[in-house]
Amino acid sequence: VFNICDRGFTELHNIWREEHFSGNTSIWSRLHDYWLLVGGIHHGYGRWQDIINDYRFNILNEPFGGDRRLEISGGVVGKIKFMSRRFKLLEQALVAEAQVNRAVELSIQQNPNHPVMSLNARLTSMPLLTESY
């Protein structure tokens with residue numbers, strides 16, 4: 001099973017969970033994300049048209065055709081925009097995974113006395129303040 005361990009720093013796992021539990025296997029899924037990354041590695045960053053036209057990555061075209069599939073306006077342009085946004089999300093998740101792994105390897109710990117942590121504590125209490133009114 002393909003996975004990216006972003007530790008919740010991106011919305012990727014929420015999206016994967018929604019797609020998994022929707023019960024509609026004809027929409028975009030984690031499998032498509034895997035092949036999108038492989039297509040990006042093979043053809044190069046941002047070469048969406050080449051990836052779409054490559055028969056080896058035909059699985060990426062499946063969610064865009066027929067009923068109960070992804071509703072993308074604009075045809076090929078819409079498909080390319082969707083793939084570009086999805087690739088950026090995957091890229092962000094991979095960067096988060098790499099940073100978390102690096103922090104673990106270097107045994108980096110958060111200092112609770114650091115000014116950023118006090119700011120974090122104040123920001124996390126903000127929704128509670130707004131709900132109280």
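The paragraphs below lead from the overall fold to its first helix, its core and its fourth helix.

The model considered here is a predicted one. The protein contains 5 helices and 0 strands, and along the sequence its elements follow the pattern α-α-α-α-α. Of the 133 residues in the protein, 29% are buried. The accessible surface amounts to about 9,500 Å², and carbon and sulfur atoms account for 56% of that area. Contacts can also be sorted by how far apart the partners lie in sequence. Among the contacts in the protein with a separation of 6 or more, 60% join residues that are 24 or more positions apart.

Helix H1 spans residues 12-21, and within it Leu12, Trp16 and Glu19 are buried. Viewed down the axis of H1, these buried residues fall within an arc of 65°, and therefore they line one face of the helix. Glu18 and Phe21, by contrast, lie on the other side of H1 and are exposed. What do the buried residues of H1 pack against? Their partners are helix H2, residues 30-43, and helix H4, residues 75-105. Just after H1 comes glycine 23, which takes a positive phi of about 80°.

Leucine 12 deserves a separate look. When its neighbours within four places in sequence are left aside, leucine 12 is in contact with Ile4, Asp6, Asp33, Leu89, Leu90 and Ala93. Of these partners, Asp33 falls in the range of H2, while Leu89, Leu90 and Ala93 fall in the range of H4.

Leucine 12 also appears in the interior of the protein. The largest nonpolar core has 19 residues, and Leu12, Trp28, Leu36, Leu60, Met83 and Leu90 are those with the most contacts inside it. Which helices supply at least two residues each to this core? They are H1, H2, H4 and helix H3, which covers residues 48-53. H4 gives the largest share of this core, namely 6 residues.

The length of H4 can be checked by a short calculation. H4 has 31 residues, and at 1.5 Å a residue it should span 45 Å. The expected span is 1.5 Å times one less than the number of residues, so the count of residues is reduced by one before multiplying. The end C-alpha atoms of H4 are 45 Å apart, which agrees with the expected span. After H4 comes serine 107, whose phi is positive, near 55°.

Notes:
Residues numbered from 1 in each chain as written. Predicted model: local features only at pLDDT ≥ 70, side-chain atom pairs only at ≥ 80, totals over all residues. Heavy atoms only, no water. Buried < 20%, exposed > 50% of the residue type's maximum accessible area, 1.4 Å probe, protein only. Helix = DSSP H or I, 4+ residues; strand = E, 2+ residues; numbered from the N terminus. Arc of directions from axis to C-beta. Contact = heavy atoms within 4.5 Å. Areas by Shrake-Rupley, 256 points an atom, 1.4 Å probe, with all protein chains shown as cover. Core = buried A, V, L, I, M, F, W, Y, C linked by side-chain atoms within 4.5 Å.
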